[in-house]
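Let's take a walk through this fold together. Have the sequence and the 3D view open side by side.

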Amino acid sequence: MAKNKIKTNKSAAKRFKKTGQGKIKRAKAFRSHLLTKKSARRKRGLRKKALVSGSDAKRISRLIPY
């Protein structure tokens with residue numbers, strides 16, 4: 001008999017995605033408002049995804065096990 005499955009934390013699942021190699025992607029902060037003072041180059045860079053740091057990745061991977 002298999003053990004119980006772990007529930008996915010839905011709030012984390014909406015914020016993070018796993019890559020093919022198992023790393024965790026996240027969106028960058030500081031792109032919701034007060035955008036007029038930020039340069040176009042900076043805003044363009046904020047559009048890109050970033051990887052979660054190693055220390056946080058372990059905690060987040062428990063929230064999104066599948």
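Contact here means heavy atoms within 4.5 Å. With that in hand, start at I60, which touches F16, I24 and V52 once residues up to four places away in sequence are set aside. Those four belong to the largest nonpolar core, a group of seven that also takes in A12, A57 and I64. A nonpolar core is a set of buried Ala, Val, Leu, Ile, Met, Phe, Trp, Tyr and Cys residues joined through side-chain atoms within 4.5 Å. Buried means under 20% relative accessible area, exposed means over 50%, and partly exposed lies in between (1.4 Å probe, protein chains only).

A quick word on where this comes from: the model is predicted, so local features need pLDDT of at least 70 and side-chain atom pairs count only at pLDDT 80 or more, while totals for chains, interfaces and linings use all residues. Residues are numbered from 1 along each chain as its sequence is written, and side-chain values use heavy atoms, leaving out hydrogens and water.

Now the strands. Helices (H or I, at least four residues) and strands (E, at least two) are DSSP runs numbered from the N terminus, and two strands pair if DSSP finds at least two bridges between them. Strand β1 (residues 16-18) runs antiparallel to β2 over three bridges, with K17 partnered by K25. The two make a hairpin with five residues between them, and G22 in the turn has a positive phi of about 95°. On to β3 (residues 49-51): β2 pairs with this strand too, again antiparallel over three bridges, and R26 has A50 as its bridge partner.

Next, look in the loop between β2 (24-27) and α2 (40-47), where you'll find K38. What is the nearest side chain of opposite charge to K38? That's D56, 20 Å away, and K38 is buried without a salt bridge. (Lys and Arg count as positive, Asp and Glu as negative; His and the chain ends are not counted.) A polar atom of the K38 side chain does lie 3.0 Å from the backbone oxygen of F30.

So where is a salt bridge, meaning a side-chain nitrogen of Lys or Arg within 4 Å of a carboxyl oxygen of Asp or Glu? The whole structure has one: D56 with R59, their closest N and O atoms 3.0 Å apart. The two sit about one helical turn from each other because they are three residues apart in helix α3 (residues 54-63). D56 is partly exposed, at 29% relative accessible area, whereas R59 is exposed, at 53%.

Technical notes: Polar contact = N/O pair within 3.5 Å; in protein donor to acceptor, adjacent residues only side chain to side chain.
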